[in-house]
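Student: I am new to this structure and would like a close look at one part of it. Could you please take me through the strands and the spaces around them?

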Amino acid sequence: MALALSFVASTACFAANAHVGTWKVNEAKSKFAPGTGKTNTAQYAEKKDQLQVTVDGIDKDGKATHGVWMGKTDGKAYKVKGNLAWDAMAYKMVNDRTYDITAMKGGKISWNGRSTVAADGKSRTLNMTGTGADGKKYKAKIVYDKA
C-alpha cells in the first residue's frame, strides 16, 4: 500500500537528497487506510541520474510484498518491479526535502501522496489519498523513522 516510496531533487543533483537511506514505519504514529496493506520499510538510493526506491511490507491479506521503483524525479511514470498493489510510480521533487508521488495500476491512479523529510532528517511522513479495491476513497498518514 503505502509506499514510501515515498521519493527527490532534480535529477541533475542528488547531493542533498534527504530521502536517501533506510526508513522504518513507526506504526504508533501512522494511520493506515482500512483494507489495505502496510509498508514496513522503504529504502532510497541514488543510482547515477536516477532514484531507486525499495519497499517491503505486507498486503491486505498478510502476505509479504516487495517492490523496486527506479526512475527520475521528473513527474513521469516509471515501472515498479515486484508484487505491490501498483505497477508504476511518478516522483516529482517539490523541494530538497519533499516529493509528490503518484502510484498507478494499469495506467489508472491508485494513490497520490506527498513525502516530506523532517528538518532534523530523523523522520519522514507520507500523506496519501487514494481509492481502495472496494472503490471507496481513503486518506492515510505513514510516518517513518530513519533506520
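Tutor: What follows is a connected account of the strands, then of one loop residue, and finally of a pocket. The model is predicted.

The strands provide the frame for the description. There are 10 of them, and they close into a barrel in the order β1-β2-β3-β4-β5-β6-β7-β8-β9-β10, with antiparallel pairing. From one strand to the next, the twist averages 25°. As a general matter, strands of a sheet pair through backbone hydrogen bonds, and the pairing may be parallel or antiparallel.

We may follow the chain from β2, which covers residues 38–47. Antiparallel to β2 runs β3, and nine bridges join the two. Within this pair, Gln 43 of β2 has Thr 54 of β3 opposite. The two strands form a hairpin with two residues between them, and Lys 48 in that turn has a positive phi of about 55°.

The next pairing again involves β3. Eight bridges connect β3 with β4, residues 64–71, and these two strands are antiparallel. Here Ile 58 faces Ala 64 in β4 as its opposite residue. This is also a hairpin, with five residues between the strands; Gly 62 in the turn has a positive phi of about 85°.

Further along the barrel, β6 (residues 88–95) and β7 (residues 98–105) run antiparallel and are joined by seven bridges. In this pair, Met 93 stands opposite Tyr 99 of β7.

A loop residue deserves attention next. Asn 26 lies in the loop between β1 (21–25) and β2. Because its relative accessibility is 15%, Asn 26 counts as buried, the cut-off being under 20%. The side chain of Asn 26 reaches the backbone nitrogen of Ala 28 at 3.2 Å. When neighbours within four places in sequence are set aside, Asn 26 is in contact with Val 143, Tyr 144 and Asp 145.

Lastly, we turn to empty space. In general, such space is revealed by rolling a probe the size of a water molecule over the atoms. The largest pocket has a volume of about 520 Å³. It is lined by 25 residues, of which Thr 36, Ala 85, Trp 86, Thr 131 and Ala 133 are the closest to its centre. Three of the strands, β2, β3 (50–58) and β8 (108–117), each supply at least two residues of this lining. The strand that gives the most to the lining is β8, with four residues. Thus β2 and β3, already met as a hairpin, appear again in the lining of the largest pocket.

Definitions and conventions. Residues are numbered from 1 along each chain as its sequence is written. This is a predicted model: local features need pLDDT of at least 70, side-chain atom pairs count only at pLDDT 80 or more; totals for chains, interfaces and linings use all residues. Side-chain values use heavy atoms; hydrogens and water are left out. Two strands pair if DSSP finds at least two bridges between them. Axes are lines fitted to C-alpha atoms, for helices over the stretch in contact, and angles run from 0 to 180 degrees between N-to-C directions. Buried means under 20% relative accessible area, exposed over 50%, partly exposed in between (1.4 Å probe, protein chains only). A polar contact is a pair of N or O atoms within 3.5 Å; within protein, one must be able to donate a hydrogen and the other to accept it, and residues adjacent in sequence count only if both atoms are side-chain atoms. Contact means heavy atoms within 4.5 Å. On a 1 Å grid over the protein atoms alone, a cavity is a set of points where a 1.4 Å probe fits but cannot get out, and a pocket is an open set with protein on both sides within 12 Å along at least five of seven lines; lining residues have an atom within 4 Å of a point. Grid points are joined across faces, edges and corners, and a volume is the space filled by probe spheres set on the points.
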